[in-house]
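Biologist: I'm new to this one, so could you walk me through a few of the labels people put on it?
Modeller: Sure, let's pull it up and start with a single residue.

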Amino acid sequence: LVFDVRCLPNPHYDPVLRPLTGRDPDVIGFLEAQPEVARMEADLRRFIGDWLPAYIRDNRSYLTVGIGCTGGQHRSVYLAEKLAAHFNGKYGQPLIRHRDLASRRHE
């Protein structure tokens with residue numbers, strides 16, 4: 001499943017937030033202050049939560065969820081972390097990979 005979140009407000013345009021990631025408290029605060037980010041998170045939780053049992057019934061051993069944004073360091077990272085925390089323990093332990101953070105200070 002692939003979700004495009006480029007429509008959400010982008011912390012990249014704030015010079016203070018630009019070098020940070022979606023794991024940093026200042027970026028988290030910025031994104032959590034945006035109503036559309038909360039709406040997107042709720043929609044993704046609902047969609048994945050509604051369809052995950054169907055994948056399990058079909059004997060799928062894993063489900064890959066991709067979340068993309070322009071730079072891959074703010075919005076997608078934030079939402080991947082939030083979704084992983086939400087689903088952790090409900091269907092096993094999610095594995096999180098932030099492709100565009102691999103060469104940065106976080107991984």
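Modeller: This is a predicted model. Take R99: its relative accessibility is 70%.

Biologist: What makes R99 count as exposed?

Modeller: Exposed means over 50% relative accessible area. R99 has 70%, so the label fits.

Biologist: And D100, why is that one called partly exposed?

Modeller: D100 has a relative accessible area of 32%. Buried would need a value under 20% and exposed one over 50%, so 32% puts D100 in between.

Biologist: Why do you say that D100 and R99 form a salt bridge?

Modeller: Their closest N and O atoms are 3.4 Å apart. The cut-off is within 4 Å, so the pair qualifies.

Biologist: What makes R23 and E81 a salt bridge?

Modeller: Their side chains meet at 2.9 Å, N to O, and the limit is 4 Å, so they pass. The two are 58 residues apart, with R23 in the loop between β1 and α1 and E81 in helix α3.

Biologist: How exposed are they, R23 first?

Modeller: R23 is partly exposed at 26%, and E81 is partly exposed too, at 24%. A search of the whole structure finds 7 salt bridges.

Biologist: How do you know that the radius of gyration of the chain agrees with a compact globule?

Modeller: With 107 residues, such a globule would have a radius of gyration near 13 Å; the chain has 14 Å, so the two agree.

Biologist: What pattern does the chain follow along the sequence?

Modeller: β-α-α-β-α, which comes to 3 helices and 2 strands.

Notes. Residues are numbered from 1 along each chain as its sequence is written. This is a predicted model: local features need pLDDT of at least 70, side-chain atom pairs count only at pLDDT 80 or more; totals for chains, interfaces and linings use all residues. Side-chain values use heavy atoms; hydrogens and water are left out. Helices (H or I, at least four residues) and strands (E, at least two) are DSSP runs, numbered from the N terminus. The radius of gyration is taken over C-alpha atoms; the globule rule is 2.2 Å times the number of residues to the power 0.38. Buried means under 20% relative accessible area, exposed over 50%, partly exposed in between (1.4 Å probe, protein chains only).
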